[in-house]
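Reader: I'm a first-year student, and I would like a close look at one part of this structure. Please pick a good spot, stay with it for a while, and then show me what else is worth finding in the model.

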Amino acid sequence: MYLRALASLIILSIFTVSCTKNSITGRNQLLLVSESELMQLSNQQYSSFLNQHKVVSSNRQADMVSRVGANISKAIAGYLQQKGQSELLKGYEWQFRLVEDPSVNAWCMPGGKVVVYTGLLPVAQDENGLAVVMGHEIAHAIARHGNERMSQGLVQQFGGMALSVAISSKPAATQDLFMTAYGVGSEVGGVLPFSRKQELEADRYGLIFAAIAGYNPASAVAFWERMAKITASGGKQPELLSTHPSDETRIQKVREYAKEAATYYKPSR
């Protein structure tokens, strides 16, 4: 009992000292790792992932992924510049890749390293649907959600040790934690990729980014309804829903966010 109380006190102390207010969402976050450290690790893991998977290039689908990604990243740059927050993109070198994999999934690592799986495209259906997903995943990175989950994992699994120490002493476990923190892979050590609060933040800001890029935010509700049908039909649960079911509450919130995002929407296609 004493050790448990002491551990809780230590975690509380770490959170108090390292708590940072997110300039986009306004929510306090536990961020123990610098973005530059995460970007360095991201470059390594992204290259490793692409080397181990079949990258689809030079076809209509790959071109669509690149085009949607470029439009959204440009929209984000303009959005943050207008708010005086361009520093949030420091070190970003955007890359958008389509990989051959039947999983219904996509993710974004720090520094703008994005992967879309071919299994997602039939559910996305078109560029508007794809923009909903890519905006959502990129919003996770911009809102520092991966850093937040990585930091929580460092506390829970490694007692709050520095990332460099964790990599040196437990490289495999640290790599697993990183991949899970950014939605690549399954649950590790009790740390889920994203909480419901993080998911809803990504839904909201992802739709805003997509709308600024010229994609119709009204398509978001239909997309998440299609995702929900996959699970309801008894099929394998999509990775994008691995932590939280796409229930009526989430759909309702997406309806609200779509209305907000519509105020940013200027059709360009």
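Author: Let's begin with one word we'll need: two residues touch, or are in contact, when they have heavy atoms within 4.5 Å. Keep in mind, too, that this is a predicted model. Our spot will be the sheet, with Val 116 as the guide.

Val 116 touches Val 65, Arg 97, Leu 98, Val 99, Asn 105, Ala 106, Leu 121, Leu 130 and Met 134, leaving out residues up to four places away in sequence. This residue also belongs to the largest nonpolar core, a group of 55 residues in which Ile 72, Val 116, Leu 130 and Met 134 touch the most other members. Apart from that core there is another, of 19 residues, and Leu 38, Phe 49, Tyr 117 and Val 184 are among them. Remember Tyr 117, as we will meet this residue again in the sheet.

Now to the sheet itself. The sheet is open and has four strands in the order S3-S4-S6-S5, with mixed pairing. Its edge strands are S3 and S5 (106-109), each pairing on one side only. As a general point, strands of a sheet pair through backbone hydrogen bonds, either parallel or antiparallel.

Walk across from the S3 edge. Strand S3 covers residues 55-56 and pairs with S4, residues 95-99, in the antiparallel sense over two bridges. If you look for Val 56, the bridge partner in S4 is Leu 98. One step further, S4 and S6 (residues 113-117) pair in the parallel sense over five bridges. Here Leu 98 turns up again, with Val 116 as the bridge partner in S6. Val 99 has a bridge partner in S6 as well, namely Tyr 117. At the other edge, S5 and S6 pair in the antiparallel sense over four bridges. Trp 107, for instance, has Val 115 in S6 as its bridge partner.

S5 and S6 form a hairpin with three residues between the strands, and Gly 111 there takes a positive phi near 85°. S5 is also a nice place to see which way side chains point. In a regular strand the side chains alternate between the two faces of the sheet. In S5, Ala 106 and Cys 108 point one way, Trp 107 and Met 109 point the other way, and all are buried.

Let's move on to a helix. Two members of the 19-residue core, Leu 38 and Phe 49, appear in the list of buried residues of H2. H2 runs over residues 35-51, and at 1.5 Å a residue its 17 residues should span 24 Å; the end C-alpha atoms are indeed 24 Å apart, which agrees. The buried residues of H2 are Glu 35, Leu 38, Met 39, Leu 41, Ser 42, Gln 45, Tyr 46, Phe 49 and Leu 50. Seen down the axis of H2, these buried residues fall within an arc of 165°, so they line one face of the helix. The face turned away from that buried side carries the exposed residues Ser 36, Gln 40 and Asn 51.

Next, try following some links between residues that are far apart in sequence. Val 123 sits in helix H4, residues 121-124. Because its relative accessibility is 11%, Val 123 counts as buried. Val 123 and Trp 224 are 101 residues apart along the chain, yet their C-alpha atoms are separated by 9.2 Å. Apart from residues up to four places away, Val 123 touches Val 104, Phe 223, Arg 226, Met 227 and Ile 230.

Ala 211, in helix H9 (residues 196-212), gives a second example. With 0% relative accessibility, Ala 211 counts as buried. Ala 211 and Ala 262 are 51 residues apart in sequence but 6.7 Å apart in space, C-alpha to C-alpha. Beyond its neighbours within four places, Ala 211 is in contact with Pro 217, Ala 261, Tyr 264, Tyr 265 and Lys 266.

Finally, step back to the whole chain. Its secondary structure comes to eleven helices and six strands, and 50% of its 269 residues count as buried. Among contacts with a separation of 6 or more, 71% join residues 24 or more positions apart.

Key. Residues numbered from 1 in each chain as written. Predicted model: local features only at pLDDT ≥ 70, side-chain atom pairs only at ≥ 80, totals over all residues. Heavy atoms only, no water. Buried < 20%, exposed > 50% of the residue type's maximum accessible area, 1.4 Å probe, protein only. Core = buried A, V, L, I, M, F, W, Y, C linked by side-chain atoms within 4.5 Å. Expected span 1.5 Å × (residues − 1). Arc of directions from axis to C-beta. Pairing = 2+ DSSP bridges.
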